[in-house]
Amino acid sequence: MLKTLELPDVWRKPLIALLAVLSVFVWYFGQSWLSIVEIWQRSTTYTHGFLVLPASLWLIWTRKDVLKQLAPVPCYPVLMLLAVSGFLWLVAVLSKVQVVEQFATVAVLIFVIWAILGNRVVFSLLFPLLFLFLMVPFGADFVPYLMEYTASFVVTMLRLTGISVYREGLHFTLTSGQWSVVEACSGIRYLIASFTLGLIYSYLNYSSYLKRAAFILLSVLVPILANGVRAYLIVMIGHLSDMKLATGIDHIIYGWLFFGLVMLLLFYLGSFWQDQSATMPEAVSAVGAANSYPSSGFLYAGVTTLFFIIIWPMAADVL
């Protein structure tokens, strides 16, 4: 275990510089991070956010053998992207557009890592780093469309089943009782959970970009279709039981059980096209390049990156 934790000499100073800069970054952008965590705590739709950072770190850990062969070299051109994302954060803060502020915060984090560790390291960790964007609570804008789809799907299936139903907007009436499609019925939680799991599954099991794209697309389309089926089945259970079942907490339990079965089936089908060693590319030996890089370069990179971080919160305080 100790051997796996040993770092090559070329990694020590870059990591010290990175950790120092990230500490300052978290401090100066603390309010933005708190706004993200508050939404995780407040809304059950986004509780998955608590798992995104640990999942990203685990994905990085799975690539430790590859990273040991790479040499961190600062990439100064990325500072321009850092400046752009910082400016975007400032505009979002001043205009109080929270979701843009949060996306910009995660972008700043990624560009800080990129600026200090360089192209080869970041490209090797591209997916785990981009995965961090899932920390941002987004997707609420899709809820009305998902609710409309769910209502239309249920009413259509009921009529195809031969059951008389009267619909008015998101409300519909059967002979056994009345139903409404509310926000919790939109399936946004299932969609986000499926998309998140689908991203990880496709990254770990496929090396082909086409396969990855196809599975990610399925992880979006399947839960949307499944949520319609779920809502229809719940209405049918309520209708056939004279509104004695699937009208309370069991409504939610049935929904998650059904979603779990759908995801298991999706992963099972996806396993038939699984690639071997999907996330382990050919070894790249670049340690020599780091040995020749001046150690003072990481200090300079850290200080320069710090400047491009702190100017935006300072500007926000002044403005």
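A cavity is a set of grid points where a 1.4 Å probe fits but cannot get out, and its lining residues have an atom within 4 Å of a point. In the predicted model described here, two cavities of 30 Å³ or more are present. The second largest cavity holds about 40 Å³ of space, and its lining is made up of Tyr 190, Pro 223, Ala 226, Asn 227, Arg 230, Gly 255, Phe 258, Phe 259 and Val 262. By residue class, this lining divides into six nonpolar, two polar and one charged. Helices H12 and H13 each supply at least two residues of the lining.

The setting of this cavity is a protein with 15 helices and three strands. Of the 319 residues in the protein, 46% are buried. Among the contacts with a separation of 6 or more, 79% are between residues 24 or more positions apart.

Two residues of the cavity lining, Tyr 190 and Asn 227, were examined further. Tyr 190 is found in helix H11. Its relative accessibility is 6%, and Tyr 190 therefore counts as buried, since the cut-off for that class is under 20%. Leaving aside neighbours within four places in sequence, Tyr 190 is in contact with Pro 223, Asn 227, Arg 230, Gly 255, Trp 256 and Phe 259. Of these partners, Pro 223, Asn 227, Arg 230, Gly 255 and Phe 259 also appear in the lining of the second largest cavity. Tyr 190 and Val 222 are separated by 32 residues in sequence, with a C-alpha to C-alpha distance of 9.9 Å.

Asn 227 lies in helix H12, which spans residues 209-240. With a relative accessibility of 2%, Asn 227 likewise counts as buried. The side chains of Asn 227 and Arg 230 are joined by a polar contact of 2.9 Å, and both residues belong to the lining described above. When residues up to four places away in sequence are not counted, Asn 227 touches Thr 150, Cys 185, Ser 186, Gly 187 and Tyr 190. The contact between Tyr 190 and Asn 227 thus links a residue of the H11 helix with one of the H12 helix.

Aromatic pairing was considered next. A pair of aromatic rings is described by the distance of the centres and the angle of the planes. The count comes to 22 aromatic pairs. In the pair formed by Phe 127 and Phe 131, the ring centres are 5.8 Å apart and the planes are at 35°, so this pair is tilted. Both Phe 127 and Phe 131 are buried. The rings of Tyr 201 and Phe 267 have centres 4.8 Å apart and planes at 15°, so this second pair is stacked. Because Tyr 201 lies in helix H11 (residues 188-205) and Phe 267 in helix H13 (residues 249-270), the stacked pair ties together parts that are 66 residues apart in sequence. Tyr 201 has a relative accessible area of 13% and is buried. In addition, Phe 25, Phe 29, Trp 33 and Trp 89 form one aromatic cluster.

Helix H4, residues 49-61, contains Leu 51 as well as Ser 56. These two residues fall into opposite accessibility classes: Leu 51 counts as exposed at 60% relative accessibility, whereas Ser 56 counts as buried at 2%. Outside a window of four places in sequence, Ser 56 touches Pro 128, Leu 129, Phe 131 and Leu 132. Phe 131, one of these partners, is a member of the tilted pair with Phe 127. For Leu 51, the C-alpha atom lies 8.5 Å from that of Met 135, a residue 84 positions away in sequence.

A backbone feature was found at Lys 96. Most residues other than glycine have a negative phi. Lys 96, in contrast, has a phi near 60°, a positive value in a residue other than glycine. Lys 96 is placed in the loop between helix H6 (78-95) and helix H7 (98-117). Its relative accessible area is 73%, and Lys 96 is accordingly exposed.

Conventions
Residues numbered from 1 in each chain as written. Predicted model: local features only at pLDDT ≥ 70, side-chain atom pairs only at ≥ 80, totals over all residues. Heavy atoms only, no water. Helix = DSSP H or I, 4+ residues; strand = E, 2+ residues; numbered from the N terminus. Buried < 20%, exposed > 50% of the residue type's maximum accessible area, 1.4 Å probe, protein only. Polar contact = N/O pair within 3.5 Å; in protein donor to acceptor, adjacent residues only side chain to side chain. Contact = heavy atoms within 4.5 Å. Phe/Tyr/Trp six-rings, centres within 6.5 Å; stacked < 30°, edge-to-face > 60°. 1 Å grid on protein atoms, 1.4 Å probe; cavity = no way out; pocket = protein on both sides within 12 Å on 5 of 7 lines; lining within 4 Å. Points joined across faces, edges and corners; volume = space filled by probe spheres on them. Nonpolar A, V, L, I, M, F, W, Y, C, P; charged D, E, K, R; others polar.
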